[in-house]
Amino acid sequence: MLGQRRTASTRGEEMGTDGENLLLMELGASEPELPDQSVDYVLVADHRTQRSPEKVHQQKRFLEDLKRKGFHYKVKEDKEKVFFGIRADNRIFSLYRTLLLEPEGPAPRVESIGSTPIPATTRIRIVNFILNSKTAAGDTFQELVKDGVFETRFPLHKGQEKLKKWAKWRNMVHKQPIDAIRDYFGEKVALYFAWLGWYTYMLVPAAVVGLIVFLSGFSLFNASQISKEICEAKDIYMCPRGTSHRYQRLSDTCTFAKLTHLFDNEGTVIFAIFMALWATVFLEFWKRQRARVVLHWDLYGWDEDQEEVALELINCPDYKLQLHQHSYLRSIIILVLSLFMICLMIGMAHILVVYRVLAAALFSNSALPFLEEQVTTAVVVTGALVHYVTILFVTKINKCVALKLCDFEKSRTFSERESKFTIKFFTLQFFAHFSSLVYIAFILGRINGHPGNSLRLAGLWKLEECHLSGCMMDLFVQMAIIMGLKQTLSNCVEYLGPWLAHKYRSMWSHKSLDPELRDWQRNYRLNPVNTFSLFDEFMEMMIQYGFTTIFVAAFPLAPLLALFSNVVEIRLDAIKMVRLRRRLVPRKAKDIGTWLQVLETIGVLAVIANGMVIAFTSEFIPRVVYKYRYGPCRQGANSSVDCLTGYINHSLSVFHIKNFKDSVRIEGPKNISECRYRDYRNAQDYNFSEQFWVLLAIRLAFLILFEHVALCIKLVAAWFVPDVPQSVKNKVLMEKYLMLQKKMQYGGPRPQCGPGLGPETPTNSAPTSSSSPKSTDV
């Protein structure tokens, strides 16, 4: 038990006026000084609060409430801040262990509890829970912060020497010390790094296959029949597109046609199916890895509800259990509000459509020759940049909305609230990030009409069309820019922001001569953390996982970019948590929670999206149909002629120049009578041709077949790979068996087993203790 000596306030530095000193001495007059032990938490108040008797009284009342609960504290001060170091009595932790003790025999061995040292993560977690609770006066610490009574609170960084070695750039390729992370930051953070390490490791085969698919296009860079026909089509003129008033030779798009073939080739289908299988195998093997790690931590049977009830009882013995409740009216209101926000996110994509239309009109009339000639490319690039900036702005709105919805829902516990917040926030973020990609992949260029009768925005501007080389090029550029910016610019801001802020505070701060106060000041100067610090890291990775899987058919390099990004991300997160930020409050967990369901949902959406990209965005289906129905090989193999010969002429519709309403204004050759455009329409009435309906039927059939095959592969893979390894199941079973055997020793006479009825205990089958040291590096 901690001592109860009383002393005056410890002085870190000389103070200002005598009035301030008198108020501070009044606060410290009844202060119990801590023995020579480190504190669990540090509370900070601005020195100006000492001029207000009311705020000093509130501080004293809060500290006295902690004292009644078994806390001790001491006060130190410098020229600007007042620091309150608090430490909990060991009897609080003894009560925690008594409530959550899992007995090894017929009764818990309470007498041995006090002899075991209390882990620092447990101390911090319990103290943080008590600080978050209401005091006898009905105040919470957060309310006191809003009133200016306190400024902040934080646990101290101490004993992280091993993690400091890990948080260095030169150790980027070394294994992660998951056990050390768990012992310092708690299970929640350790599981995040374990999952991120496993995800990065599993990205290696996906990145290699994606790179092979991409590079395979180089082998056909100049040999592709389609590219040859486009490059040689000097007598084919494309109709004016968008706000342009000039004809364009099809051969001018030769380079883009070759580039498009790098990621829109026959290997795209195989890679999309491979990624569907990869996503399933990744999740199933992660579940197995998690089971091993959690068993090693003795948390396999840990119950989160029991943990939270125990903490409530420690804080208040008269705590009344809050039962589960459900309101259909509240659920309907939340559903309606969520759908409204989703519609707003989709509406954001329409705003980007308007921007792209107006930008196309602006670039078409630009004085810069390059912009005038590459209108589509300029619109796609600037549109992606605008989309990225919009995402940064909308993210803050989505977080506030998700929090308000959770407040209205009135969750029973913090973990339940966190789970519901995760679902709401991710749903809004998903639509914010992917709405424009859905528009480009499945809507862009499909509702424009045809030359001479184009759909116009507000009756003035023509809607934007796909690039002349196809919509896959637009989707590829959009994906490349967004992923590139998120992996480079976001990581730079994520690291440089905290680093510069910490350097600035360290440069202008005053260091005390008192070693303990100097340590408190050092921790105070670090960047603050909050409830969302780890949540934001998870969210960032979930969005990246979505980009890596959902539209991977259009961007096979996505796994490779994600791999490089994650190698850097692991070290960035380590440096931020160990060196640049205050210590995160440890949290207990045995899995990554709702994020696992998010990953599984993304896996299903990836199958649907990639199937639709191959069916409706890619040229794969039109090429196959032409090869076996309309091309020179339709009557059988013809080795002397490429089966795609004539595909370009077949896939371009004809529009007669005389049907333009203002053909005189169009720049270009005057001796042509027709121009071509990408669609399947008749040359007489411009209605959809027979080929269009045949292609549509085959596209839908392929989509259904692809999705069923891919989902069946996912189900078979999930069944084939058990979630929990047999070794883990056997260890858990053996531990239960040995525990029951010990209980039998106290249960009186044992019944005799008949032949073959009792289990044979193998002589060497005793399981290794789950607390024995072993490697869980990931």
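Is Arg123 buried or exposed? In this predicted model, Arg123 has a relative accessibility of 7%, and because anything under 20% is called buried, Arg123 counts as buried. The partner of this residue is a good place to begin, since the side chains of Arg123 and Asp40 meet in a salt bridge, with N and O 2.8 Å apart. Asp40 sits in the loop between α1 (18–28) and β1 (41–46), whereas Arg123 belongs to helix α4 (residues 120–132), so the pair ties together parts of the chain that are 83 residues apart in sequence. Asp40 is buried as well, with a relative accessible area of 6%.

Side chains of opposite charge can pair when their charged atoms come close. Helix α4 takes part in another such pairing, for the side chains of Arg125 and Glu307 also meet in a salt bridge, at 3.3 Å from N to O. Since Glu307 lies in helix α12 (residues 304–315) and Arg125 in helix α4, this pair ties together parts that are 182 residues apart in sequence. Both Glu307 and Arg125 are buried.

A salt bridge can also be found within a single helix, and Glu284 and Lys287 show this, their closest N and O atoms being 3.4 Å apart. Both residues lie in helix α11 (residues 267–296), three places from each other, which is about one turn of the helix. An α-helix has 3.6 residues a turn, so residues three or four places apart point the same way. Glu284 and Lys287 are both buried. Counted over the model, the salt bridges come to 31.

Helix α11 also leads to a contact between residues without charge. Val213, found in helix α8 (residues 187–219), has its C-alpha atom 7.3 Å from that of Phe271, although 58 residues separate the two along the chain. Apart from its neighbours within four places in sequence, Val213 is in contact with Leu262, Asn265, Gly267, Thr268 and Phe271. With a relative accessibility of 10%, Val213 counts as buried.

Further along the chain comes helix α17 (residues 471–508), whose 38 residues reach 54 Å from the first C-alpha to the last, close to the 56 Å expected at 1.5 Å a residue. The helix nevertheless bends by about 30° at Leu485. Glu494 has its place in α17 and is linked with Glu537, Asp573, Lys576 and Arg581 in a network of salt bridges. When neighbours within four places in sequence are left aside, the residues in contact with Glu494 are Glu537, Glu540, Glu569, Asp573 and Lys576. Glu494 counts as buried, at 14% relative accessibility.

The last stop is Asn527, which is found in the loop between α18 (515–525) and α19 (532–549). A polar atom of the Asn527 side chain lies 2.9 Å from the backbone oxygen of Pro498. Not counting residues up to four places away in sequence, Asn527 touches Pro498, Ala501, His502, Arg505, Leu580, Arg581 and Arg582; one of these, Arg581, is also a member of the salt-bridge network that includes Glu494. Although Asn527 is in a loop, this residue is buried, with a relative accessible area of 9%.

Terms used:
Residues numbered from 1 in each chain as written. Predicted model: local features only at pLDDT ≥ 70, side-chain atom pairs only at ≥ 80, totals over all residues. Heavy atoms only, no water. Helix = DSSP H or I, 4+ residues; strand = E, 2+ residues; numbered from the N terminus. Expected span 1.5 Å × (residues − 1). Bend = angle between axes of the 7 residues up to and from the residue. Buried < 20%, exposed > 50% of the residue type's maximum accessible area, 1.4 Å probe, protein only. Polar contact = N/O pair within 3.5 Å; in protein donor to acceptor, adjacent residues only side chain to side chain. Contact = heavy atoms within 4.5 Å. Salt bridge = Lys/Arg side-chain N within 4 Å of Asp/Glu carboxyl O.
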